[in-house]
Amino acid sequence: MDFLKIDSPFMKFLGTMADLMILNMLTVLCCVPIVTAGASFTAMHYVLQKLVRGEENYVSRQFFHSFKENFVQSTIIWIGMVVVYGALFVDWRILRMQGDQFPGFLIILLYGAAVIIFLYTLYIFPILARYKNTIRGILKLAFSMTIMGSITLRTLAAGILYIVPFAILLIYGWGSIPILLLMGFTVPGFFRAMMYRGLFNKYETREEV
């Protein structure tokens with residue numbers, strides 16, 4: 001019965017899953033006002049990075065520590081993201097309604113821009129959770145991590161991980177909501193934190209949170 005020992009891999013796995021479920025519920029609850037979603041995602045990534053590094057972890061305490069500490073910057077960035085994605089959505093609706101009046105290359109350009117912006121924004125909150133920096137510095141570093149050829153495949157894989165929960169919702173419908181509420185954000189986020197751990201180590205020129 002060694003697998004039931006507190007320090008066994010099995011028990012550690014169960015502990016990690018419990019932490020991820022608690023963290024996911026905190027993230028969802030703190031996203032409810034919408035305007036606080038940026039701070040919630042930042043706090044989620046803050047805790048996930050500690051989990052991946054194997055550091056002593058107190059999920060609720062560390063979540064709200066990051067939520068409070070990064071609230072202003074993350075909220076400003078989140079509002080900017082909502083505006084950008086809102087503009088993309090309006091453009092997409094216009095093209096759907098009047099697509100035959102626009103050249104084909106404009107449609108391709110819009111979809112290409114949407115993909116690049118999506119992949120770019122995936123790095124913003126993890127960077128904000130990890131480094132103390134100005135908003136401009138955070139955005140510049142996110143741009144560098146997204147565009148550099150050496151990390152393109154990693155970036156695309158990260159994008160796919162975040163699409164999976166939405167794909168599950170589309171395939172299985174409302175019946176998948178309980179699962180998504182328990183782990184829809186944090187499980188993909190955990191695997192992504194494992195992916196960019198080595199990448200962040202190359203950028204350790206700023207003070208780590």
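Is Ile34 buried or exposed? In this predicted model, Ile34 counts as exposed, because its relative accessibility is 56% and the cut-off for exposed is over 50%. The residue sits in the loop that links α1 (9–31) to α2 (37–52). Its backbone is worth a look too. Most residues other than glycine have a negative phi. Ile34, though, has a phi near 70 degrees, a positive value in a residue other than glycine.

Now for the whole chain. The protein has nine helices and zero strands, so reading from the N terminus simply gives α-α-α-α-α-α-α-α-α. Of its 209 residues, 38% are buried. About 12,100 Å² of the protein is exposed, and carbon and sulfur atoms supply 73% of that area. Among contacts with a separation of 6 or more, 73% join residues that lie 24 or more positions apart.

How do the helices pack against one another? Two packed helices are described by the angle between their axes and the distance between the axes. Take helix α4 (residues 71–98) and helix α5 (residues 104–130): their axes come within 11 Å and cross at roughly 165 degrees. Angles over 145 degrees count as roughly antiparallel, so α4 is roughly antiparallel to α5. The crossing of this pair is left-handed. On the α4 side, the residues in contact include Trp78, Met81, Tyr85, Leu88 and Trp92, while the α5 side offers, among others, Leu110, Ala114, Phe118 and Phe125. Sorted by class, the contact between α4 and α5 has 17 nonpolar, three polar and one charged residues. The charged one is Asp91 of α4.

Helix α5 also meets α9, and here the axes come within 12 Å and cross at roughly 65 degrees. This crossing is right-handed. From α5, the residues taking part are Leu122, Tyr123, Pro126, Ile127 and Arg130; from α9, they are Arg192, Tyr196, Leu199, Phe200 and Asn201. By class, that gives seven nonpolar, one polar and two charged residues.

One of the residues in that contact, Arg192, deserves a paragraph of its own. Arg192 belongs to helix α9 (residues 186–201). It has a relative accessible area of 1%, so Arg192 is buried, the cut-off being under 20%. Which residues does Arg192 touch, leaving aside its neighbours within four places in sequence? The list is His45, Leu122, Tyr123, Pro126, Ala158, Leu161 and Tyr162. Leu122, Tyr123 and Pro126 turn up again here, as they are on the α5 side of the contact between α5 and α9.

Finally, there is Ile135, found in helix α6 (residues 135–147). With a relative accessible area of 24%, Ile135 is partly exposed, because that value falls between the 20% and 50% cut-offs. Its partners come from another part of the chain: apart from neighbours within four places in sequence, Ile135 is in contact with Gln73, Ile76 and Ile77. Ile77 is 58 residues away from Ile135 along the chain, yet their C-alpha atoms are separated by 7.6 Å. Gln73 and Ile77 also appear on the α4 side of the contact with α5.

Methods. Residues are numbered from 1 along each chain as its sequence is written. This is a predicted model: local features need pLDDT of at least 70, side-chain atom pairs count only at pLDDT 80 or more; totals for chains, interfaces and linings use all residues. Side-chain values use heavy atoms; hydrogens and water are left out. Axes are lines fitted to C-alpha atoms, for helices over the stretch in contact, and angles run from 0 to 180 degrees between N-to-C directions. Helices (H or I, at least four residues) and strands (E, at least two) are DSSP runs, numbered from the N terminus. Angles under 35 degrees count as roughly parallel, over 145 as roughly antiparallel, 65 to 115 as roughly perpendicular and the rest as oblique. A crossing is left-handed if the near helix is turned anticlockwise from the far one by less than a right angle, and right-handed if clockwise. Contact means heavy atoms within 4.5 Å. Buried means under 20% relative accessible area, exposed over 50%, partly exposed in between (1.4 Å probe, protein chains only). Accessible areas come from the Shrake-Rupley method with a 1.4 Å probe; for residues, only the protein chains shown count as cover.
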